[in-house]
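Hello,

Here is the structure I promised to hand over. Please open it alongside this email; my notes follow below.

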Amino acid sequence: MSRRGVSPPGSAQSVRVAFMRFGLGPKPGWPVRIGTAPDALRTACLRELNNPGAALLNDPGLRTLEECGLIGLGPNMPGNRPVDGLFTQERVARFAKYTEPEIGFVERLVMFWTNHFSLFPASDFVRATMGHVEREVIRKHVLGKYSDMLKGVISHPAMIRRLENQNSIGPTSAEGRRTRRGLNENLARETLELYTVGVNGGYTQADVTNLAMILTGWTFRRASEPKPGTFFFNASGHEPGAFNVMGRSFGEPGQAKGLAALDMLAAHPRTAEHIAYKLILHFITDTPSPRSVSTLALVYRRTGGDLKAVAQELLNLPEAWNEPLNRLRQPQEWMISMARAVGFDKSKAERLHTRFNNWGWLPALNHSYWHCPTPNGYPDLNSFWLTPNAMRLRRDAAFAFCQQLLQVDEPWNNPSNYWRVNRPELTKPAQFAQGLLPGSLSPATLLELEAPNSRDDNQVLPHLALLFVTPEFLNK
Amino acid sequence: MSEHHPALLPSPILDTASEGCEESRLLLSRRAMLGMSAGFFAWAFAPRTAEAEANQKRLLVVVLRGGLDGLHVAPPVSDPLYLDIRRNFIPAQLEKVDATFSLNAEMTNFLRMYKQGDAALVHGVAPPLRIRSHFECQDNLESGLPAGVRATSGWLNRLLSELPRGNPVQVHGALEIGPKPLILQGPSPVLSWSTNSIPRSNWARLNTGIERILGATAPAYNALLQSGIRTDEFARGLSDSLAPTTSGWRNAFRGAGRLLASPTGPRIAALTLSAWDTHESQMFGLSRDLATLDQGLGDLQQTMGAAWRHTVVVCVTEFGRTVRINGTNGTDHGVGTVAFLAGGSVLGNRVHTRNWAGLSQANLQDGRDLRATIDTRALFKGVLQEHLGLDNALLNRVFPQSETVPPLRGLVKSPEPVVATAGRSQATTGGQRAEAPISQFRQQQASM
């Protein structure tokens, strides 16, 4: 591999790699505090991984699965939809969390895995429970074992409902014989294709059907039952007998059969390769090198799918700290980083959620929050994000952010204006930008940020919006 | 200009068309990006009266993502097996359209177009890759490549690269509506527009500063930005007389119609509608979504005005569904399905089939799915040949390795004479691709 373009970890250049490629963007003061000692930035990323609670959401207002499920199953009529309030509450809690970490590597991992197991809130039940999956399964296992995350998600009522396994009945089970109902193979197919071995991973239609048989009976309690909304193994709908998936027979009793199949799939070498490939694709490059994919896959296999070890290795890949950064950051990462750049803290979370999401800014950029309509999640390839319309909308989103969140929401002449009080250095845009991305700004950017502004109604905000649409801030 | 656009057109479109400056800038910018000669883009300013009928052709490809159940749209009601297998899942209203098939009458606009001779069906169709994976089959449908060949560009994009210079479709370009589909990815630049929006920046400092910074440090970003700004300005200048709707699909059809109808707007557009994956309770959801699609087609016809006469709309999906109803009152991923054609140029009132396989157990694909006897590439090639007059040599460059898949015939009312083209072959299957790239990676590994 060429040495050209490789910046040694810890150099001033890699501030952008750490914060843009692996993080959620710099917060005022942090890049300077982390410093430019050799390896300081990678060490800061590792520090987040080594904090066992980094991913957890400790918001006592968030609800149990039973409470969420009840709301999802309960009446939600136009004009009175408790499910929408719950969905908003969950999402606001994430926007609060995003303002907190130093770099945000763990939060980016959570976003990656949430997209890997992409859910869509079209049904009220999924809407009510999808926050719970992210909170209690993905966040809990993001630095743990993939097999635990996989089993947790596939058995979660939100996923069962999303891929419609709740009514999938074994054809010769007691219930199948009585009702003549049968299989729904949706969850089984996507488990193979998206969540484990991946397409071309060596499975056949028979493997799909057999895994669907194995997963029959994985359902959740209905409104009329005790503990509504929670997972339930319905033995009377479970197809009896042993089934072969990818060369292994599973004959364990009841639910254990499915758990064993998921354990086998999580440990499969094709799954290791698939996950390694996806991580490199998301974080580093559109064209992962076979060598790095096998390096990362090997760590996955050696550690039994330890996602913390895999994330550490991701930071050690030869291309991890390569420059230039030439892929567009995805809209969610980029918009959250605008909020972090101006120093917003969690008190602004509700407002961020409303403006970014409900006002249509993220939807316009084709990146609605927790709202991808397809189970394969949002794509990672740059070509999906980099379009004429998207570039125009990035400019307008930077404008809308600065105008709405900094000028209208925080009136300029209000003495308690949040950012005026907290971030007086904002009045010197070039200096402010250099504090955020020390040593990383191009001469063209500095020239524009230093230019006087006589045509707009204030000196600062258009400059700030400008910073957000520079390649230095847009790219990862 | 106006003599070619009589009073049939809603007047705001006429107004915009006669202003003529925004769209010229749109094209100028795009050509500048391509680095083409001044003599070439001057074509865009040629008097409209000089344009022959052939220069008016429009093509919209609608990709229905999720796998549409062709047996619900156009069931073979003459087949007792259908009536038996689907007995509780037969659409409430059906209208017989030929000896074998009926059309789901919930699609009122499409049915009207069909009876007027402006719409047709193709039944028993599927892309060459038949593995029941949404994402792989969508990519295969949009790439236009043989089964198992990985895609990095889409066939509509390769079409732009292959068309002879000066061909009106190539000059006016293509448009993507909403998220970027693979079908339009590739080496040729395309315009993009979406129904969602964000307040437009009116800060001069920002608007000029971004151009200077990107111009100095990221010219490719700047070119995209300029194209995006101009398409948006152009689209804003267009309007129609339809009552506002909150349906994203219908607004997408209206936007596509307005942009396609404009004399100097794009001639090709692609839009994707995700739904159709009816594993559960399909009777309800499918009726609702088909009705919205149908309203969208009606809106499209209205917004296109006189240009509808020159239009072919092709609606395709990545696969059909299982013939039998599954355990949850829905259908699982299958193979063969239906495609629709609509538009004033379509030779309508017919169902195209080839060796219709029927629903007997022995004829089902893998004992479960409607067998596909028509390759979607045959449909696409047929539309391009008859609508745009393209010869087989060119079509086989747009659809590599498709020599054994001849174009379908009889799709268009007055087929354009086929003009032999000199080999241009700028097209490449290289570039960027969309989803599930692990498969591409694995294929490269296997071939090394």
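**Backbone oddities**

In chain B, B:Arg132 sits in the loop between strand E4 (119-126) and helix H7 (134-143). Keep in mind that this is a predicted model. Phi of B:Arg132 is near 65°, a positive value in a residue other than glycine. Most residues other than glycine have a negative phi. Is B:Arg132 buried or exposed? With a relative accessible area of 4%, B:Arg132 is buried, because the cut-off for buried is under 20%.

Chain A has a case of its own. A:Lys227 is a residue other than glycine with a positive phi, near 45°. Look for A:Lys227 in the loop between strand E1 (218-220) and strand E2 (231-233) of chain A. The relative accessibility of A:Lys227 is 51%, so A:Lys227 counts as exposed, the cut-off being over 50%.

Next, a peptide bond. Most peptide bonds are trans. The bond that joins A:Glu323 and A:Pro324 is cis, with omega at about 5°. A:Pro324 lies in the loop between helix H16 (307-316) and H17 of chain A.

**A covered strand in chain B**

Strand E8 of chain B covers residues 311-317, and 7 of its 7 residues are buried. Both faces of E8(B) are covered. On one side are B:Thr311, B:Val313, B:Cys315 and B:Thr317. On the other are B:Val312, B:Val314 and B:Val316.

Which strands pair with E8(B)? Strand E1 (residues 58-65) of chain B runs parallel to E8(B), and 7 bridges join them. Strand E9 (residues 337-342) of chain B runs antiparallel to E8(B), with 3 bridges. B:Cys315 is a handy marker for both pairings. In E1(B), B:Val62 stands opposite B:Cys315. In E9(B), the bridge partner of B:Cys315 is B:Phe340.

**Cavities**

How many cavities of 30 Å³ or more does the structure hold? There are 5. The largest has a volume of about 330 Å³. Its lining counts 25 residues. Those nearest its centre are A:Met111, A:Thr114, A:Asn115, A:Gln332 and A:Trp370. Three elements are worth finding here: helix H6 (105-116), helix H7 (124-141) and helix H17 (331-341) of chain A each give two or more residues to this lining. H6(A) gives the largest share, 6 residues. By class, the lining has 13 nonpolar, 9 polar and 3 charged residues.

H17(A) thus turns up twice: it adds to the lining of the largest cavity, and it borders the loop that holds A:Pro324.

Best wishes

How values were computed: Residues numbered from 1 in each chain as written. Chains lettered and ligands numbered in written order. Predicted model: local features only at pLDDT ≥ 70, side-chain atom pairs only at ≥ 80, totals over all residues. Heavy atoms only, no water. Buried < 20%, exposed > 50% of the residue type's maximum accessible area, 1.4 Å probe, protein only. Helix = DSSP H or I, 4+ residues; strand = E, 2+ residues; numbered from the N terminus. Pairing = 2+ DSSP bridges. 1 Å grid on protein atoms, 1.4 Å probe; cavity = no way out; pocket = protein on both sides within 12 Å on 5 of 7 lines; lining within 4 Å. Points joined across faces, edges and corners; volume = space filled by probe spheres on them. Nonpolar A, V, L, I, M, F, W, Y, C, P; charged D, E, K, R; others polar.
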